[in-house]
Amino acid sequence: MALWAVHGNGRHPSDAVDVATDERLSWPLTVGMGVQHLFALFGATVLVPRLTGLPVSTTLLASGAGTLLFLVLTRNRVPACLGASLAFVVPLGAAAERSGAGPSVLVGGIVMVGLLVTAVGVAVKALGVRLLETAMPPVVTGGVVVLVGFGMAGHSVDSFESGPTSAAVTMAVILLLALTGRGLLLRGCVLIGIGVGWLYAALSGTLPAARVAELHRASWIGPPELLTPQLHLSVAPFVVPLVIVVVAHQAGVVKAVAAASGRELDGSVGDALIGGGLATTLSGSVGGSGLIGYAENTGVLALTRVYSTAACLVAALTAMSLAFSPKLTALLDTVPLGVVGAASMVLLGTVVLIGVRIWTHARVDFTDPLNLAVVGTTLVAGAGDLTLTVGNVRLDGLVWGPLVLVLLHPMLSALAGRVRSAPDR
C-alpha cells in the first residue's frame, strides 16, 4: 500500500481543497513543495550553529535525519520539518562563557535535553495526552504558539531591515500570490516570492559579498564535521530549563498543525515529543544543534494548504544532501537576509493567528482575570524579548515566556480555584 495517495490528478490541485497529510501531488510538484519547506527552515538552521560555534553542515544533516525520524515515529500523521532551535542559542552561549564548555560539552548538553524530552514523550504516550493538557490547557498551548510567532518576529524584522528593498519585493510577491494566485501559484507562493527576491538582489548587485566569495571558494563535495558529545553536569543548569520550552514548542506545533488542518492530532502528541526528543538526541550525538518543529514550516502548511508529509520528506532528504555539498549550501546561503526576513514575517504572522484560532476553537475565556494577567503579560514581555538572568542562567523571551506560561498558569489556576471555593467568612 502506498504511503501517499495522489491528490486529484496530481498536477492541478483545486484552490478550495487541502492536500491531506496522506496525499501528495505529482512528484515534480512535491519536490517543489519540499524545497519551499527547505527555504523556510534554512535561514535559522544555518544561523543557530553559527551563533553557537557548531558546524553548519552537521546541523543540516541532523535536521534532515531528525525530520525523517520524526515522520516515522509519528507514523506519517504530523507534517513537520525539524530545524535548529533559536531557544538553545542563549543558554549554550551562557554555558560556554561561564563554565568554559567547549563544543563537545555543549552538544552533550543538547543530548541531555533530547533524552529528557523523550522521557516526557514516553510518559505522555503511556499515561495519555491529558497528562500534558493538565499543564498545557488550550489557553497555554495557544499562548505558546502565539509567543513563538512573536518571539521570533524580532529576528525577522532585523533581517528585513538589513535589505529592505529586496525584502519588500519578496513580501509583495508572496502576499500578491497568496491573495490572488490560483493553483500552483498559490501553493508555491513562498518559494516563488523568495526566488523573485533572490533574483532581484542578484540583478541589483545586493547579494552579500562575503557569502558570494564563500560560494566561489566552496568545494562541491565535502563530508560534514562530526563531534563526539561529552556529558558534563556543569552545563545542566543552563540547558535543563530548555526541556519545558522544547516540550511546549513541540506540543504547540502539533496543536497548530491540527488547528490549521482541522484534524484531530491529540493522540499524536506523545509520539511527536518522542520523535522530537530523539531527533535532538541524534543531532547532539553527531555535533548538531538542538532541533524543534519550525513555526515557519507550520506557516507554509497553513498558507499553501499542502499538508502532505511527502513534501516534508523531500525537504529532509534535500537538507541531508546539502550537508555533503559545501557549494550548494553556500549557494543557498547567498539568499539575502532581507528576503528570508520578509518570508518569515508572513509565515510567523500566520502562526500567530493559528495560536489565536486555538483559543477561539477552545472558547478560552479572556474575561477571566487569570488568563488576562498571566497570558497577556507574558506575551507582551516575550514579544519584547525581555531578558532575565537567574543565577548563572540568562533567559531570553523565547525561553522564559513558555516556561512561565507552562509553570505559572496551572499553579495560579489551582490557587484561584481554592480561593473561589473557600467559604465566605
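Colleague: I'm new to this one. Before we look at any pocket, what counts as a pocket, and what counts as a cavity?

Modeller: A pocket is an open set of grid points with protein on both sides within 12 Å along at least five of seven lines, whereas a cavity is a set of points where a 1.4 Å probe fits but cannot get out. Keep in mind that we're looking at a predicted model.

Colleague: Got it. What volume does the largest pocket have here?

Modeller: The volume of the largest pocket is about 450 Å³. Its lining is made up of 28 residues, and Gly43, Ala44, Ser159, Leu337 and Val340 are the ones nearest the centre.

Colleague: Which elements give two or more residues to that lining?

Modeller: Look for α1 (27-52), α7 (153-162) and α18 (337-361). The largest share is from α1, with eight residues.

Colleague: And how many residues of that lining are nonpolar, polar and charged?

Modeller: The largest pocket is lined by 17 nonpolar, six polar and five charged residues.

Colleague: Now the enclosed spaces. How many cavities of 30 Å³ or more turn up in the whole structure?

Modeller: The search gives four. The largest cavity holds about 200 Å³ of space. It has 19 lining residues, with Val148, His249, Gly293, Tyr294 and Ala295 closest to the centre.

Colleague: Where in the fold should I look for the walls of that cavity?

Modeller: Two or more lining residues come from each of α6 (138-151), α13 (242-261), β4 (291-293) and α15 (295-304). Of these, α13 gives the most, four residues. By class, the lining of the largest cavity has 14 nonpolar and five polar residues, and no charged ones.

Colleague: What lines the second largest cavity?

Modeller: That cavity has about 50 Å³ of space, and its lining consists of Val129, Leu132, Glu133, Met136, Thr141, Ala251, Lys255 and Val269. Here α5 (130-135) and α13 are the elements that give two or more residues. Five of the lining residues are nonpolar, one is polar and two are charged.

Colleague: Let's turn to helices. How does the reach of α4 compare with what is expected?

Modeller: The idea is to take the span from the first C-alpha to the last and set it beside the span expected at 1.5 Å a residue. Helix α4, residues 103-127, has 25 residues and reaches 36 Å, close to the expected 36 Å. Just after α4 comes Gly128, with a positive phi of about 100°.

Colleague: And how do I read a pair of packed helices?

Modeller: Two packed helices are described by the angle between their axes and the distance between the axes. Try α6 and α18: their axes come within 8 Å and cross at roughly 170°.

Colleague: Why is that pair called roughly antiparallel?

Modeller: Angles over 145 degrees count as roughly antiparallel, so α6 and α18 get that label. Residues making the contact include Gly142, Gly143, Val146 and Gly149 of α6, and Val351, Val352, Gly355 and Trp359 of α18. By class, the contact has 11 nonpolar, four polar and no charged residues.

Colleague: At what angle do α15 and α18 pack?

Modeller: The angle is about 80°, and the axes are 8 Å apart. That makes α15 roughly perpendicular to α18. Among the contact residues are Ala295, Glu296, Gly299 and Leu303 of α15, together with Ser344, Leu347, Val351 and Ile354 of α18. This contact has nine nonpolar, four polar and one charged residues.

Key
Residues numbered from 1 in each chain as written. Predicted model: local features only at pLDDT ≥ 70, side-chain atom pairs only at ≥ 80, totals over all residues. Heavy atoms only, no water. 1 Å grid on protein atoms, 1.4 Å probe; cavity = no way out; pocket = protein on both sides within 12 Å on 5 of 7 lines; lining within 4 Å. Points joined across faces, edges and corners; volume = space filled by probe spheres on them. Nonpolar A, V, L, I, M, F, W, Y, C, P; charged D, E, K, R; others polar. Expected span 1.5 Å × (residues − 1). Axes fitted to C-alpha atoms, helices over the stretch in contact; angles between N-to-C directions. Parallel < 35°, antiparallel > 145°, perpendicular 65-115°, else oblique. Contact = heavy atoms within 4.5 Å.
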